[in-house]
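This briefing gathers what can be read from the model about charged side chains, surface patches and a few individual positions. Please keep the sequence and the structure in view while going through the points.

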Amino acid sequence: MFDYSKLKGKMREKNVTQEQLARQIGISSVSLRAKLKGGRPFFRADEMVLIGMALGIENELDEYFLCRKT
């Protein structure tokens, strides 16, 4: 399982809702919510890149997507 709390924080910082982000990357808000919970399904590589571009973190993807829950 992964910890997406830093990603959620960046979304708050950028004032981007889950619905807005889901629309930007081409998935449903239900799918995005499920992925942000940190279980399955996982984010695909193309989704990570699109989210990175949307939030301005494209050069820091590992810091936002590869954090294991402890």
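In this predicted model, a patch of positive charge on the surface is formed by Lys8, Arg12, Lys37 and Lys69. Opposite charges also meet in the structure, which holds six salt bridges. The points below begin with the patch of positive charge, turn to the salt bridges, and end with a nonpolar patch and some single residues.

**The positive patch**

- Which residues gather in the patch of positive charge on the surface? They are three lysines and one arginine, namely Lys8, Lys37, Lys69 and Arg12.
- Lysine 69, one of the members of this patch, is located in the segment that follows helix 5, and with a relative accessible area of 42% it is classed as partly exposed.
- Residues enter such a patch only if their relative accessible area is over 30% and they take part in no salt bridge, and the 42% of lysine 69 satisfies the accessibility part of that rule.

**A salt bridge between helix 1 and helix 5**

- Side chains of opposite charge can pair when their charged atoms come close.
- One such pair is glutamate 63 with lysine 6, whose side chains form a salt bridge with an N to O distance of 3.0 Å.
- Because glutamate 63 belongs to helix 5 (residues 61-65) and lysine 6 to helix 1 (residues 5-13), this pair ties together parts of the chain that are 57 residues apart in sequence.
- Both partners are partly exposed, glutamate 63 having a relative accessible area of 36% and lysine 6 one of 39%.

**A salt bridge inside helix 1, and the surroundings of lysine 10**

- Lysine 10 and glutamate 13 form a salt bridge in which the closest N and O atoms are 3.2 Å apart.
- Both residues of this pair lie in helix 1, where a spacing of three residues corresponds to about one turn of the helix.
- Are the two partners buried or exposed? Glutamate 13 is exposed, with a relative accessible area of 55%, whereas lysine 10 counts as buried at 15% relative accessibility.
- The value for lysine 10 falls into the buried class because the cut-off for that class is under 20% relative accessible area, and lysine 10 stands at 15%.
- When residues up to four places away in sequence are not counted, lysine 10 touches Leu55, Ile57 and Tyr64.

**A buried salt bridge and the network around it**

- Lysine 35 and glutamate 47 meet through their side chains in a salt bridge with an N to O distance of 2.6 Å.
- Since lysine 35 lies in helix 3 (residues 29-36) and glutamate 47 in helix 4 (residues 45-55), the pair ties together parts that are 12 residues apart in sequence.
- Both partners are buried, lysine 35 with a relative accessibility of 7% and glutamate 47 with a relative accessible area of 1%.
- The pair also belongs to a network of salt bridges that links Lys35 and Glu47 with Arg44 and Asp46.

**The nonpolar surface patch**

- Val49, Leu50 and Met53 make up a nonpolar surface patch of about 250 Å².
- Methionine 53, one of these three residues, is found in helix 4 and counts as exposed at 53% relative accessibility.

**The loop between helix 1 and helix 2**

- Asparagine 15 is placed in the loop between helix 1 and helix 2, and it has a positive phi of about 60° although it is not a glycine.
- At 67% relative accessibility, asparagine 15 counts as exposed.
- Threonine 17 lies in this loop as well, which leads to helix 2 (18-25), and its relative accessible area of 36% makes it partly exposed.
- Although threonine 17 and arginine 33 are 16 residues apart along the chain, their C-alpha atoms are separated by 11 Å.

**Valine 30 in helix 3**

- Valine 30 is a residue of helix 3, and at 57% relative accessibility it counts as exposed.
- From C-alpha to C-alpha, valine 30 and phenylalanine 42 are 13 Å apart in space, with their positions 12 residues apart in sequence numbering.

Notes: Residues are numbered from 1 along each chain as its sequence is written. This is a predicted model: local features need pLDDT of at least 70, side-chain atom pairs count only at pLDDT 80 or more; totals for chains, interfaces and linings use all residues. Side-chain values use heavy atoms; hydrogens and water are left out. A salt bridge is a side-chain nitrogen of Lys or Arg within 4 Å of a carboxyl oxygen of Asp or Glu. Helices (H or I, at least four residues) and strands (E, at least two) are DSSP runs, numbered from the N terminus. Buried means under 20% relative accessible area, exposed over 50%, partly exposed in between (1.4 Å probe, protein chains only). Patches are made of residues with over 30% relative accessible area and no salt bridge: like charges are joined within 9 Å, nonpolar side chains (Val, Leu, Ile, Met, Phe, Trp, Tyr) within 5 Å. Accessible areas come from the Shrake-Rupley method with a 1.4 Å probe; for residues, only the protein chains shown count as cover. Lys and Arg count as positive and Asp and Glu as negative; His and the chain ends are not counted. The place of a charge is taken as NZ of Lys, CZ of Arg, CG of Asp or CD of Glu. Contact means heavy atoms within 4.5 Å.
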